[in-house]
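This report walks through selected parts of one structure. Sheets come first, followed by helix contacts and a single residue.

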Amino acid sequence: MADDIREIIEKYALQNAVKYRAAPQVGAVMGKLMGEHPELRARAKEVSPLVASVLSEVAKTGPEEWEKRLAEIAPELLAEIGAKKEPEKGLTGLVGAEGGVVMRFAPNPNGPPTIGSARGIIINSEYVKRYGGKFLLRFDDTDAVNKRPMPEAYGWYLEDSEWLGAVPDEVVIASDRLPRYYEIARELIRRGGAYVCRCDQASFKALKDAARPCPHRDQSVEENLALWSEMMNGGLGPGEAVLRVKTDIVHKDPALRDWAAFRIVTADHPRVGERYRVWPLLDFESAVEDHLLGVTHIIRGKDLMDSERRQRYLYGHLGWEYPTTIHWGRIKIHQFGSFSTSALRRALEAGEYSGWDDPGMPTVRALRRRGIRAEALRKFMIELGVGETDISISMDSVYAENRKIVDPEAKRRFFVKDPVAIEIAGDVPEVAKAPFHPTLDLGRREIPAGSKLLVMSEDLKDLKVGGCLRLKDLCNIEIVSIDPLQARIIGADPQQAKKMKLRIIHWAPPDGVSVRVMRPDGVDTGIGEVGIRDDLGQVVQFERYGFVRIDSVKDDEVVAYFAHR
């Protein structure tokens with residue numbers, strides 16, 4: 001266990017040295033160690049000499065060596081130093097929320113929730129928890145042509161919302177409610193707020209861009225109601241007519257001029273088939289539902305400000321009060337590309353991903369499969385807050401939160417990537433007794449050892465005959481041959497390794513279990529200790545590699561999904 005504590009001390013000592021470009025101070029490193037590992041406070045007298053010893057060794061090298069070594073053993077700590085710290089905003093208060101709120105997250109279910117979706121689910125539900133009221137999950141699924149819904153996605157949103165701790169108080173599916181939209185469309189026509197336009201698309205665009213009215217704009221209410229009936233009963237076909245909301249035809253922004261509310265679509269819908277032929281566009285459906293459901297506050301992207309401006313004309317015609325709106329900027333995550341479900345779907349169909357839970361996907365399902373905890377994602381999103389500034393962030397921040405949660409409970413296991421056989425002469429122990437955790441009492445496991453073992457090929461770089469290593473929790477060896485790789489045992493005492501300043505590497509028995517690790521950036525293969533078979537569904541730490549979730553266990557192979565370092 002001393003080896004493990006020493007390694008932790010070295011990480012914090014190097015982080016301090018790299019950060020301040022100076023030899024680390026005992027007080028700073030000791031404070032960090034006790035703060036991150038409070039279980040060691042009772043062993044302060046034992047730990048203090050180890051800290052002094054490690055700091056003495058670190059002080060003998062310089063900034064270049066410190067950074068190189070920290071990148072080797074704890075790249076996440078190096079990333080913390082270089083990361084630009086965003087201020088922790090948290091959730092600001094909502095105007096007019098004191099009596100309770102009704103808030104909604106309204107996805108198009110054309111794929112599973114992404115990390116961007118998780119932000120909307122978490123923040124809206126968190127405000128409802130803060131002020132009381134109702135959290136709605138509403139599926140805006142009325143576009144079966146451009147954003148065709150996936151039948152499975154409805155369930156995925158419910159599952160992921162529950163996993164995120166945001167169970168909706170009510171679930172609404174827009175495609176089930178078209179008769180309500182038709183009633184409101186007729187009322188809008190009767191009030192003179194909408195008309196049936198029979199211009200072709202190019203003709204209307206030319207008129208709109210010239211700030212000139214469509215020739216059908218001044219039709220009587222009776223004419224518009226009759227044409228609306230033709231749209232509904234099949235008298236008019238796709239592209240022959242749309243229902244438009246009257247706005248300001250000379251408005252300085254052409255995007256706000258007489259926008260389309262309904263169109264004729266004969267394509268089948270995954271949920272309702274061909275039951276309806278006149279479908280609302282998103283600006284109409286969303287605006288109407290916000291009113292019908294009593295939504296008090298809307299959080300939406302600042303790129304949708306035009307949608308709000310269009311919808312306010314509709315609310316004005318009908319005498320409704322528009323909800324309070326909060327706009328937020330886009331988030332970009334360095335490790336991922338687009339959050340667009342349509343783009344991800346095309347990439348999936350092109351074979352770039354194995355599924356929606358592929359470790360390279362920016363979906364909630366992928367994060368769950370990798371072993372990321374909902375608490376980590378929630379904490380991160382809440383601290384991110386709501387602001388109009390576009391922000392660029394790193395998943396390392398989520399991983400840091402997740403690490404705090406999983407580290408105390410994750411068992412340690414040996415996994416040797418790209419293994420190379422080594423034969424050791426001498427009395428090598430037949431069994432190694434290694435702790436499941438370096439600082440907490442989670443018990444110990446027995447790993448078959450002996451004279452023939454496997455080590456990681458990466459650990460052999462720059463290794464020369466006569467060089468010495470410590471095989472973690474087993475013994476100290478001296479290399480006597482590189483090809484084939486052979487060594488001799490020179491002792492088993494970890495104190496000997498400490499005095500000799502030996503590099504510590506891990507190992508695996510040759511008859512261990514075959515392991516495949518699915519990563520966002522590819523696949524790693526190797527051999528692990530047999531006990532990994534017992535960890536199905538759990539997050540464990542492969543020592544000197546990272547945290548993984550054991551996804552499947554078969555006779556000949558264990559498959560793990562990489563979480564983070």
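Which strands does helix α6 lie across, and at about what angle does α6 run to β1? The model shown is predicted. In it, α6, made of residues 115-131, lies across β1 and β2, and its direction is at about 170° to β1.

**The parallel sheet**

The strands under α6 belong to an open sheet of three strands, ordered β1-β2-β3, with parallel pairing. At its edges stand β1 (101-105) and β3 (170-173); each has a single partner strand, so one side of each lacks a neighbour in the sheet. On average, neighbouring strands here are turned by 25° against each other, direction ignored.

The pairing of β1 with β2 (residues 133-139) is parallel and consists of five bridges. One residue pair can be named: M103 has F135 in β2 as its bridge partner. Helix α7, residues 151-163, also packs on this sheet. It touches β1, β2 and β3, and its direction makes about 150° with that of β2.

**The antiparallel sheet**

Another open sheet has four strands in the order β4-β5-β6-β7, and its pairing is antiparallel. Here the edge strands are β4 (194-197) and β7 (278-280), each of which pairs on one side only. Neighbouring strands are turned by 20° against each other on average, direction ignored.

Four bridges join β4 to β5 (residues 242-245) in the antiparallel sense. Within this pairing, C197 stands opposite V242 of β5. Helix α10 (residues 221-233) packs on the sheet and touches β4, β5, β6 (260-264) and β7. The direction of α10 makes about 55° with that of β4.

**A strand with partners in both senses**

Strands of a sheet pair through backbone hydrogen bonds, in either a parallel or an antiparallel sense. Strand β14, residues 419-425, pairs with β17 (residues 452-456) in the antiparallel sense, and with β20 (residues 486-491) in the parallel sense. The table lists these pairings beside two described above.

| Strand pair | Sense | Bridges | A residue pair |
|---|---|---|---|
| β1 and β2 | parallel | five | M103 and F135 |
| β4 and β5 | antiparallel | four | C197 and V242 |
| β14 and β17 | antiparallel | five | V420 and V455 |
| β14 and β20 | parallel | three | E423 and Q486 |

**Helices packed on helices**

Besides lying across strands, α6 packs on another helix, α15 (residues 374-384), with the axes 9 Å apart and an angle of about 75° between them. The two helices are therefore roughly perpendicular to each other. On the α6 side the contact is made by I115, A118, R119, I122, I123, S125, E126 and K129, and on the α15 side by L377, R378, M381, I382 and L384. By class, these residues divide into eight nonpolar, one polar and four charged. An α-helix has 3.6 residues a turn, so residues three or four places apart point the same way.

A further helix pair is α8 (residues 178-190) with α12 (residues 305-318), whose axes are 10 Å apart and which pack at an angle of about 70°. These helices, too, are therefore roughly perpendicular to each other. From α8 the contact involves I184, E187 and L188, and from α12 it involves L314, H317 and L318. Four nonpolar residues, one polar and one charged make up this contact of α8 with α12.

**A largely enclosed helix**

How many of the eleven residues of α11 are buried? Eight are, so α11 (residues 282-292) is largely enclosed by the rest of the structure. The buried residues are D283, F284, E285, S286, A287, V288, E289 and D290. After α11 comes G294, which has a positive phi, near 70°.

**E529, a residue in a loop**

Where is E529 placed? E529 sits in the loop between β23 (522-528) and β24 (539-542). Its relative accessible area is 2%, under the 20% cut-off, so E529 counts as buried. The E529 side chain makes a polar contact with the side chain of R445, at 2.9 Å. Leaving aside residues up to four places away in sequence, E529 touches R412, R413, F414, R445, I447 and V513. R445 thus appears both in this list and as the partner in the polar contact.

Methods. Residues numbered from 1 in each chain as written. Predicted model: local features only at pLDDT ≥ 70, side-chain atom pairs only at ≥ 80, totals over all residues. Heavy atoms only, no water. Axes fitted to C-alpha atoms, helices over the stretch in contact; angles between N-to-C directions. Parallel < 35°, antiparallel > 145°, perpendicular 65-115°, else oblique. Contact = heavy atoms within 4.5 Å. Nonpolar A, V, L, I, M, F, W, Y, C, P; charged D, E, K, R; others polar. Buried < 20%, exposed > 50% of the residue type's maximum accessible area, 1.4 Å probe, protein only. Polar contact = N/O pair within 3.5 Å; in protein donor to acceptor, adjacent residues only side chain to side chain. Pairing = 2+ DSSP bridges.
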